[in-house]
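Dear colleague,

Here is the structure I promised to hand over, with the sequence alongside it. Please open it first, and then read on for what was found in it.

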Protein chains: 2
Amino acid sequence: MAGNSDRFVNQIADINTDYTKWYTDVCLKSELCDYGPVKGTMVFRPYGYAIWENIQAEADKRFKAHGVSNAYFPMLIPQAFLMREAEHVEGFAPEVATVTHVGETELAEKLVLRPTSETIIGNMYSKWIGSYRDLPLKLNQWANVVRWEKTTRPFLRTSEFLWQEGHTVFATPEEANADALEMLEVYKELANNVLALPVLTGVKSEKEKFAGAVATYGMEAMMKDGKSLQSGTTHYLGENFAKAFDIKFLDKDGTHKYVYQASWGISTRLIGAIIMAHGDERGLCLPPPVAPVQAVIIPIGAAKNAAVAEKSNELKSVLEKAGVRVVLDSRDQSPGFKFNHWELRGVPVRIELGARDLEAGAVTVCRRDDPQKFTVPIDSVAEKIPTLLGEITKNMYRKAEEFTKSHIVPVNSLDEMEKALDGGNFCDAYWCGDRECEDKIKQLYSASSRVCHGDQSEVHRHKCVCCGKQAKKRIYFARAY
Amino acid sequence: MAGNSDRFVNQIADINTDYTKWYTDVCLKSELCDYGPVKGTMVFRPYGYAIWENIQAEADKRFKAHGVSNAYFPMLIPQAFLMREAEHVEGFAPEVATVTHVGETELAEKLVLRPTSETIIGNMYSKWIGSYRDLPLKLNQWANVVRWEKTTRPFLRTSEFLWQEGHTVFATPEEANADALEMLEVYKELANNVLALPVLTGVKSEKEKFAGAVATYGMEAMMKDGKSLQSGTTHYLGENFAKAFDIKFLDKDGTHKYVYQASWGISTRLIGAIIMAHGDERGLCLPPPVAPVQAVIIPIGAAKNAAVAEKSNELKSVLEKAGVRVVLDSRDQSPGFKFNHWELRGVPVRIELGARDLEAGAVTVCRRDDPQKFTVPIDSVAEKIPTLLGEITKNMYRKAEEFTKSHIVPVNSLDEMEKALDGGNFCDAYWCGDRECEDKIKQLYSASSRVCHGDQSEVHRHKCVCCGKQAKKRIYFARAY
C-alpha cells in the first residue's frame, strides 16, 4: 500500500503561503497520483485509487438501496447523437475528443469519446421502454469520461476522469424532479458521513446548469482557501432528451407520452475535495471511512526487542479482525522517518509500541486530525480503535463545518463582495436573477454563482447585490475550482 | 434486477440445430446485453453487468491476496508509444482507434485508445522504479479497452470490452515467469470454483502468443459446440518492454539492470464462456457464485391467499439474512410465465410456495442445473439453500468436466483431425513446432493450436500430425472463438 520510495518525503510547500503548490506537492509526494504522458491526463497510483475504491463502495451501496442497478454503455458515441439536443451540443462540442481512424482506415462515421452519456443512453432507452410498466427505470454506470480541458490539475480537472452517472426515467415530471432532489440528498449524506465534508446544496442558476437540463442541483464544498469545489450535481432533464431520442411510453390511458428524466454524477474530483478541505501543513488528512490505511502500527526498537516485534504482529491481526485497515511498518527506518511518512499520507491513527509501552501493557495512540496523544491498554485496542475512527470522522466534519460557517459572509454591495472574496470567503448575496449580473461579477472578481440558499423567505425585502434591482434569489457567490 | 418486459420470452433458437442463433437469442432475450449504436459495440444491461460485478469481486479478492494493488492509467496513449516495441505495434496497430481532433482542433500528437496498457504503464514504471527496493511491483487495473474487430459477437469479441490487466515487475526473469504461471493458476482456480468451468492451461505457440511477449500462457475452455474459448492469458514479457521504455533499477551490486515483467488479463469474455459452457435448450444456466439472482421465490395463488403472500415475504428476508441473492416474484402473472422467465435467465434455484406447501410446512425447490424437484421444510430453508447452491456449483463443474473430457480426441493424422473437429472435439495432437503446420491446419480446418498439453513425456515417440517430422510438442488443436 505504501509507496516504494521516500526520497522526497515532506518537502511540501507551505499551505499558508502557496496553497496551489501545496496541493500539487501533496498529490504527488503522498503518491496519490502522477501526471500521464499526454498533457492533461493523470495516473491514479494505488494509494489514490484505493480512496476511490472506498468512495465507490460507499456510494454504490447507497445507489442500490435507492433502487438503482448498474449497467455499462459504450464509450464511443456517434458524433451525430451529440447534435440532437441543441444546448447539449453547444455545451460539450468544443471539448469532445473525436475518433476518426482505425489503423490506417478512416471511419465512415465520426465517433466521440463520451463526455457524459445522456445521448447514448437515451438512444438505448428508446428501444427498451415501451409501456408504463417499464417505468421507473433507474440505471447507473461507473465509467471513464473524456472532456478536453485547457487548464488541468490532478483530480480537479483532467482530460479523462472517473465517475458514476445515474440515468433515471419516469412517467411524470414530478417523479423525475423528485429523483434529482433525492439523489442530491444521497450525495450530501455521503459527503457528510463518509468524506467528513460539509456541503451547501441547492439549485444552480441558468448560466451554471448542465447543458441540456431543465434544472441542475449542485453540492458545493468549501476548500481551505475559501474557494468552492463543485462536488456533485443532479439534473432534472424534463423531456429534453426524450424528445431528442424519441423515448416514449404507452401510458395507462392508452396514449403515447414522452418520458421525464433525471441524471446525476459524482467523480474522482471528490478526492480533490478531501485533500483541500482536510489537508494541513503536514500533508493529507484522510477521513477514516475512505482512508486506504486507517491505522499504522510503528514498533519502536523492534530490531533489538523480539517481544515488541511479536506484539506488533499480534496487534495487527487483532485490528484486522476488528475490521480496521491496518499496516504494520516494520521497515528498517527510524521512527521519525515513519511518523513523517504516514502523516504526509494522512493515516488517521498511529499506534506506537515500544519496550516501555509493552511493560506498561499499553500502546501510545496519536490522532492525525488532532494533536492528542494518549495511551490505550493493549487488551482494549480492538475495541477502542474502531470507536476512535468514528470519533475522528465526526471531529473532521465538525472542524470543516466550523471553517465553512465562519467563511460565509453576507454581502450587500459589490465592494463588500470583493472584500469577502479576497478574504477567502463565500458570499451570501441577493441577486436579481439576470445573467448580466453574473457575467459582471465573473469579470470583476472571477467569482460565479454556486447554488441558491436554502432560505428564500426574505428575498422580497432585498435588492440585487450587483445592479440594485429587486432581488429574485438569495444565492452563494464564490470563486470556484 | 429482472427485465421490464417479456414480450419475446422463450423464443430462443434450438441449441442443437442453431447454436449461433441460440447464443444471440440467449444474450438478448435474457436481457444480458444489447447492441450499441456503433457497429461492434455492446451495452451491458443490468443482468449481464451484475454477473461481471460478481466476477470482479471474486477476482479482485484473489489478486489482493496475491499482493497486487489496483491503480488506473490513462486510456489515451501517444501513438508513438505503440511503435517502441516492434512485435507489439505489428500486433495491435491495425485495430487501434485513433483520436485526431478535439472539437474542431487537430491534435499535435495522435493518440490511440488503449488496446492494452503495457506501453503507457511501462512509461510510468520507468519513472517510479529506481532501486531493487522498489521491486517487486504488482499493479492491476480494471478498465475498458478498444480493439477494432471486423466480426463481432456480444461478450466474445466487441470493439470495446471490459477487463482487468495486471502488470508486474521483478528483478529477475525467474520471478517474472513464475508470476505469469502463478496468475494462470489463480485464473484456473477462479474458473473452476467460481464459474464452474473446467479449463485447459499451458503455454501457447509462438504464433498464438501475445504481441510483445516472450511466452504466453493460456486458459482454454470448451464450449458446448466443441469450440474453444480463450478465457484468460498471462504473459512473461522478459525485458522487451523494459528495453522499449528504459525501465531499469539499481541492483544490490551497484549496477543498473533492466527489469523483467509479466502481464495478465481476463475480460467480459468470461460471461460468454458461462453462457456457452452451461446454457441449455431453456436458456442460461448460471453458476451460483456469479448469478445475480441465486434463488427466486414464486408464490402460487398468493393473490387469493394472504398467508402465502406473507410467508413468501418472510422467506425472502430469511434467505437474504443467510446471504442468498434472492428475488420474490410477486408480479401479476401465471406461475408458468414466471417459471419460463427465470429459467431463461438461468437462476440456480426456484422456490415455489402455495397453499398446499404451506399446510405441509414445506416449500417445493427446483434446481436449474438438474431436473430434480423436492420439498424442503420451511424452517430449514435458510440452512439448506446455501448448501444447495454449493452443490449446484460442484455439479455444474462436474457436468462440464465430463463433457470436456469426452470431447478431447487423440489424433494421429490430418484425416483424424478433420473428423474430430467436425465432430465437435478438441484434438490432442503431436506437432513438430513449425508455424507452417499451424498455418496449414488453420487453412484446411479453421483450427488453431490452443495450449500445450500438461504431459510432454511421450513427445519423443511421436511424429507431427501434419508434416510427419519428429514431434516437439504435445498440443491441443481446436476451432476457437
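In the model you have just opened, A:Lys257 has a relative accessibility of 28% and therefore counts as partly exposed, where buried means under 20% relative accessible area, exposed means over 50% and partly exposed lies in between, computed with a 1.4 Å probe on protein chains only. This is a predicted model, in which local features need pLDDT of at least 70 and side-chain atom pairs count only at pLDDT 80 or more, while totals for chains, interfaces and linings use all residues, and side-chain values use heavy atoms, with hydrogens and water left out. Residues are numbered from 1 along each chain as its sequence is written, and chains are lettered from A and ligands numbered from 1 in the order in which they are written.

To stay with A:Lys257, its side chain meets that of A:Asp251 in a salt bridge at 2.6 Å, N to O, the term being used for a side-chain nitrogen of Lys or Arg within 4 Å of a carboxyl oxygen of Asp or Glu. A:Asp251, in contrast to its partly exposed partner, is buried, at a relative accessible area of 19%. As general background, side chains of opposite charge can pair when their charged atoms come close. Over all chains, the structure holds 72 salt bridges. One of them, in chain B, links B:Arg157 to B:Glu149, with the closest N and O atoms 3.7 Å apart, and here B:Arg157 is partly exposed at 31%. Another brings together the side chains of A:Arg350 and A:Glu352 at 2.9 Å, N to O; A:Arg350 is buried, with a relative accessible area of 11%, and A:Glu352 is buried as well, at 8%. Salt bridges with shared partners join A:Arg350 and A:Glu352 with A:Arg282, A:Glu343 and A:Lys373 into one network.

The interface comes next. In chain A, 58 residues are in contact with 57 residues of chain B, contact meaning heavy atoms within 4.5 Å. The area buried between the two chains is about 4600 Å², and carbon and sulfur atoms give 61% of this; buried area is the accessible area (1.4 Å probe) that two parts lose on being put together, summed over both. The rule finds four salt bridges across this interface, and A:Lys127 and B:Asp34 meet in a salt bridge through their side chains at 2.9 Å, N to O. On the chain A side of this interface, strand S5 (residues 97-102) gives the most, with six residues, strands being DSSP runs of E of at least two residues, numbered from the N terminus. By class, the side of chain A that touches chain B has 33 nonpolar, 13 polar and 12 charged residues; Ala, Val, Leu, Ile, Met, Phe, Trp, Tyr, Cys and Pro count as nonpolar, Asp, Glu, Lys and Arg as charged, and the others, Gly among them, as polar.

Strand S5 of chain A is joined by five bridges to strand S5 (residues 97-102) of chain B, and the two run antiparallel; two strands are said to pair if DSSP finds at least two bridges between them. Within this pairing, B:His101 is the bridge partner of A:Thr98.

Each chain also has an open sheet to look at. In chain A, seven strands with mixed pairing follow the order S3-S7-S8-S14-S11-S10-S9, and its edge strands, S3 (69-70) and S9 (200-203), each pair on one side only. Strands S7 (residues 137-146) and S8 (residues 160-170) of chain A run antiparallel and are joined by 10 bridges, with A:Ala143 opposite A:Trp163. In chain B, the seven strands of an open, mixed sheet come in the order S3-S7-S8-S14-S11-S10-S9.

Finally, in chain B, strand S23 (residues 473-478) is mostly covered, five of its six residues being buried. It pairs with strand S21 (residues 426-431) in the antiparallel sense over five bridges, where B:Tyr430 has B:Arg474 as its bridge partner. Strand S22 (residues 448-452) is joined to S23(B) by three bridges and runs antiparallel to it, and B:Cys452 stands opposite B:Ile475.

With best wishes

Methods:
Helices (H or I, at least four residues) and strands (E, at least two) are DSSP runs, numbered from the N terminus.
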